[in-house]
Amino acid sequence: MAKERSPGFKLGMTVLIGALLAIPLFMVYALVWDRQSQSETARASVAEGWGGPQMLAGPVMVIPYRQQSVETVTENGKATTRAVTIERELFLAPVTNTASVDVEPERRTKSIYETVVYEARVKGTARFALPEDLARFGVKPEELMLDRAEVRVGISDARGLLADNSLAMAGQSLPLRPGKGLGSTNGSGFFAFADWSASAGAPLDVAYRFGVRGNGQLMLIPDAESTDWTVRSHWPHPSFAGQFLPNNRSVTDKGFTARYKISNLALGRAIVQLPQPGEQIGAGAQMAQIDLIEPVNLYSQVDRAVKYGFLFIGFTFLAFLMFDIIAGARVAAAEYLLTGAGLILFFVLLLAFAEIIGFTLAYLLASGAIIGLISAYSAAVLGSTKRAGFIGGLLLGLYALLYVLLNLEAYSLLIGSVLLFVALAAVMYVTRRVDWSGLGKREPEPEPSRDLPEA
């Protein structure tokens, strides 16, 4: 006959087995991370020939100017002063820039992975005017070479440029040329020569229209003294980020509309900028950002579910331990291990099915399979279908609770801590008479005699 173990020994064995199960649980966590990395690689390959996250800046007028400068050089051992002509560039932002941006999203798939790409059509008008106090910036109007002015538009990934793009000055179309973007887009974009000398620098309207392809994010960099953007899309799950949020926005199941109104006072810079040689204008600029996000990121949800793995193992093992100690059902170490393996297999099934049929259906399928498996096994281990029904009910409640926790992220800590408190209180109550160092229940203390002492 096998020697009966004390309740304390059984408790220690259960804790040790639970700790050992941390190894396969960590391996499942690593599997989720690996599958997420593969997903991101697949999405990057889908977008490789389409266009990456796009950053749009401009239009900006760039005007060369010449200035006389005096420099001192040493010739034949003597210091000589001479006048030289230096040519530099003046960057002039629009006085007003009003544009509409229509974003058309599209789902693209590769194997079992899916990503969201888009086509953005930008149409607007920018008004340029030389400031009356231009001389305060150290540049005289007569030093400007208005006949060599350029209108530049920055696009972070010029591969995504679509056809039918245009720039028009005073109603006249300008031929577009590649390159010469802005510093905020690392010099990527397009430009057009714009002879401003005919109007002697009078206020000028530039109409522009272009389309770009991108994926995931669309970033807009304001440059004008007054910027007014309206962004529309059929995508119902936008996320607004960046340094500027929309002044007005409307998000429905049919899409969203967002309007940005930004002043250059908020930008913290003047509309005239004079970069030094080698300096990039707009590097590190503030932006408005719109993310076309997926409503459910299955990898983040599976990742969070795995972190609750010990909750399932702990409660199930605790139920087995109580049946062992209180009801006399003997549960061997191998039976704890097999049950724990089944509980961990749930997360692998969840990940595998979620990639194919979505998170919710995968959760129902995986939890139903594991509840059925462990309930049937518990009937043999605990020697009772009634006890197996209790285990099945416990698991059903745990899986339902976990689903709630995954969808109520703000209250997950509160709900989890209250649940643990209730579980601890229940275990304390049920085991209050257990003799942990002996072989069974502690004998109740005899009540003191109420008889009066003899005289």
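**Close-up views of a predicted model**

**View 1. Leu 364 in helix 7, and the nonpolar patch on the surface.** Leu 364 is found in helix 7 of this model, which is predicted. Because its relative accessibility is 56%, and exposed means over 50%, Leu 364 counts as exposed. Together with Phe 353, Ile 356, Ile 357, Leu 361 and Leu 365, Leu 364 makes a nonpolar surface patch of about 570 Å². The elements that give two or more residues to this patch are helix 6, which covers residues 333-357, and helix 7, which covers residues 359-382.

**View 2. The aromatic pair of Phe 346 and Tyr 399.** The structure holds eleven aromatic pairs, and one of them is formed by Phe 346 and Tyr 399. A pair of aromatic rings is described by the distance of the centres and the angle of the planes. For Phe 346 and Tyr 399 the distance is 4.5 Å centre to centre and the angle between the planes is 55°, an arrangement that is called tilted. Phe 346 lies in helix 6 whereas Tyr 399 lies in helix 8 (residues 385-407), so the pair ties together parts of the chain that are 53 residues apart in sequence. Both Phe 346 and Tyr 399 are buried.

**View 3. Tyr 399 with a second partner, Tyr 363.** Tyr 399 also forms an aromatic pair with Tyr 363, and this pair is edge-to-face, with 6.4 Å centre to centre and 80° between the planes. Here, too, distant parts of the chain are linked, since Tyr 363 is in helix 7 and Tyr 399 is in helix 8, 36 residues apart. Tyr 363 has a relative accessible area of 4% and is therefore buried, because buried means under 20%. By the same cut-off Tyr 399, at 2% relative accessibility, counts as buried.

**View 4. The cluster of aromatic rings.** Ring pairs link six residues into a cluster, namely Phe 346, Phe 347, Phe 359, Tyr 363, Tyr 399 and Tyr 403. The residues of the two preceding views, Phe 346, Tyr 363 and Tyr 399, are among the members of this cluster.

**View 5. Gly 18 in helix 1 and its contacts.** Gly 18 lies in helix 1, which covers residues 7-20, and is buried, because its relative accessible area of 13% is under 20%. When residues up to four places away in sequence are not counted, Gly 18 touches Phe 310, Ile 313 and Phe 317. Although Gly 18 and Phe 317 are 299 residues apart along the chain, their C-alpha atoms are separated by 8.0 Å.

Methods:
Residues are numbered from 1 along each chain as its sequence is written. This is a predicted model: local features need pLDDT of at least 70, side-chain atom pairs count only at pLDDT 80 or more; totals for chains, interfaces and linings use all residues. Side-chain values use heavy atoms; hydrogens and water are left out. Patches are made of residues with over 30% relative accessible area and no salt bridge: like charges are joined within 9 Å, nonpolar side chains (Val, Leu, Ile, Met, Phe, Trp, Tyr) within 5 Å. Accessible areas come from the Shrake-Rupley method with a 1.4 Å probe; for residues, only the protein chains shown count as cover. A salt bridge is a side-chain nitrogen of Lys or Arg within 4 Å of a carboxyl oxygen of Asp or Glu. Helices (H or I, at least four residues) and strands (E, at least two) are DSSP runs, numbered from the N terminus. Buried means under 20% relative accessible area, exposed over 50%, partly exposed in between (1.4 Å probe, protein chains only). Rings of Phe, Tyr and Trp (its six-membered ring) pair if their centres lie within 6.5 Å; planes under 30 degrees apart count as stacked, over 60 as edge-to-face and the rest as tilted. Contact means heavy atoms within 4.5 Å.
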